[in-house]
Amino acid sequence: MQLVLHYDGARFRGWQRQPDQRTVQGVVEQALERLCGGPIPALGSGRTDAGVHARGQAVGVRLPERWDAVRVRRALNAILPEDVWVAATYEMRPEFHARYSAVSRRYSYYVGTDDEARSPFRRPRELAVAQPLDRAKLDCAASMVEGEHCFRAFAVLGTAPAHDDHRCWAQLARWRERPGGLVFEIEANRFLHHMVRFLVGTMIDIASGQRPLDDFASLLGAADNRDVSAPAPPHALFLDHVAYPKSLYLEAP
């Protein structure tokens with residue numbers, strides 16, 4: 001079965017279960033154990049870091065037969081804490097794997113450019129940027145992201161296996177206007193650790209005049225991350241959607 005989760009990452013130490021830390025996986029598995037009377041592993045489509053939010057995290061679970069998709073969603077939402085919500089549940093084929101069956105993942109990063117971005121009602125979900133941003137430079141950098149590249153320069157050093165080529169295929173990378181600011185949207189077959197945050201941090205430095213646009217193309221061909229900008233903070237990043245082949249669904253999603 002697939003669970004689709006929304007969660008506010010502010011009070012979680014990320015997705016992955018950790019001893020003595022509050023994590024999304026830990027909270028979900030506690031709720032599942034309460035329902036089923038025994039341990040039920042919850043396998044996420046990928047890890048989100050501490051502070052990162054989700055409105056489309058996919059989770060694979062194997063439950064006793066008495067729990068169908070409708071019942072388990074209702075039951076979980078009755079006992080999960082207020083910062084986690086099961087948005088949807090789907091019956092999946094036995095070969096479904098939340099991580100390895102995914103064909104793409106989509107993230108968005110919110111940047112506030114007006115004065116109200118510093119409001120306590122917006123600041124927890126947006127990166128407030130005071131300096132003017134050159135939209136043309138943002139768009140140009142985003143267009144370079146699309147396609148297949150080695151994103152080694154936009155990943156935390158040493159977090160991928162030594163044999164990993166750090167190549168990802170991004171079918172979408174764009175900035176768009178929204179009330180009060182901008183949002184960066186990216187969809188790719190895979191993401192490296194901190195990849196979206198490094199991309200956003202570097203693009204904002206370029207658009208604010210702190211480094212030249214030419215740096216971005218150089219980073220896409222770099223062998224390490226020594227010259228990348230600092231990653232944008234996690235609190236404005238959302239995991240929006242995880243896509244799977246339709247053939248894995250027992251009923252159309």
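Ala 223 is exposed, with a relative accessible area of 63%; exposed denotes a relative accessible area over 50%, buried under 20%, and partly exposed the range in between, computed with a 1.4 Å probe on protein chains only. The model is predicted, so that local features require pLDDT of at least 70 and side-chain atom pairs count only at pLDDT 80 or more, while totals for chains, interfaces and linings use all residues. Residues are numbered from 1 along each chain as its sequence is written, and side-chain values use heavy atoms, with hydrogens and water left out. Ala 223 is located in the loop that separates α5 (214-220) from β10 (237-243); helices (H or I, at least four residues) and strands (E, at least two) are DSSP runs numbered from the N terminus. Between Ala 223 and Glu 91 there are 42 Å in space, C-alpha to C-alpha, and the two are 132 residues apart in sequence.

Strand β1 (2-7) is mostly covered, 5 of its 6 residues being buried. Its pairing with β3 (residues 53-60) is antiparallel and comprises 5 bridges, where two strands are taken to pair if DSSP finds at least two bridges between them. Within this pairing, Val 4 is opposite Ala 58 of β3. Strand β1 also runs antiparallel to β4, to which 6 bridges join it; here His 6 has Trp 85 of β4 as its bridge partner. In a regular strand the side chains alternate between the two faces of the sheet.

A further set of pairings involves β8 (residues 167-178), which runs antiparallel to β7 (residues 147-150) and is joined to it by 4 bridges. Cys 150 is matched with Arg 167 of β8 in this arrangement. Strands β8 and β9 (residues 181-188) are likewise antiparallel, with 8 bridges between them, and Trp 175 stands opposite Phe 184 in β9. The hairpin formed by β8 and β9 has 2 residues between the strands, and Gly 180 adopts a positive phi near 90 degrees there.

The structure contains 17 salt bridges, each defined as a side-chain nitrogen of Lys or Arg within 4 Å of a carboxyl oxygen of Asp or Glu. One of them links Asp 83 to Arg 11, with the closest N and O atoms 3.1 Å apart. Asp 83 belongs to the loop between α2 (69-79) and β4 (84-90), and Arg 11 to the loop between β1 (2-7) and α1 (24-36); the pair therefore ties together parts that are 72 residues apart in sequence. Asp 83 is buried, at 8% relative accessibility. A second salt bridge joins the side chains of Arg 55 and Asp 240 at 2.5 Å, N to O. Because Arg 55 lies in strand β3 and Asp 240 in strand β10, this pair ties together parts that are 185 residues apart in sequence. Arg 55 is partly exposed at 31% relative accessibility, whereas Asp 240 is buried at 15%.

A salt bridge within a helix is formed by Asp 139 and Arg 135, whose closest N and O atoms are 2.9 Å apart. These residues are 4 positions apart in helix α3 (residues 135-145), and about one helical turn therefore separates them. Asp 139 is partly exposed at 31% relative accessibility, and Arg 135 is partly exposed with a relative accessible area of 25%. Elsewhere, Asp 114, Arg 122, Glu 126 and Arg 178 are joined into one network by salt bridges that share partners.

The largest nonpolar core comprises 77 residues, among which Leu 5, Phe 154 and Phe 184 touch the most other members; such a core is a set of buried Ala, Val, Leu, Ile, Met, Phe, Trp, Tyr and Cys residues joined through side-chain atoms within 4.5 Å. Helix α4 (residues 195-207) supplies the largest share of this core, 9 residues. Apart from residues up to four places away in sequence, the contacts of Phe 154 include Met 195, Phe 198, Leu 199, Phe 216 and Val 228, contact meaning heavy atoms within 4.5 Å.

Helices α1 and α2 have axes that come within 10 Å and cross at roughly 115 degrees; axes are lines fitted to C-alpha atoms, for helices over the stretch in contact, and angles run from 0 to 180 degrees between N-to-C directions. In the region where the helices meet, Ala 31, Leu 32, Arg 34 and Leu 35 of α1 are in contact with Val 72, Ala 75, Leu 76 and Ile 79 of α2.
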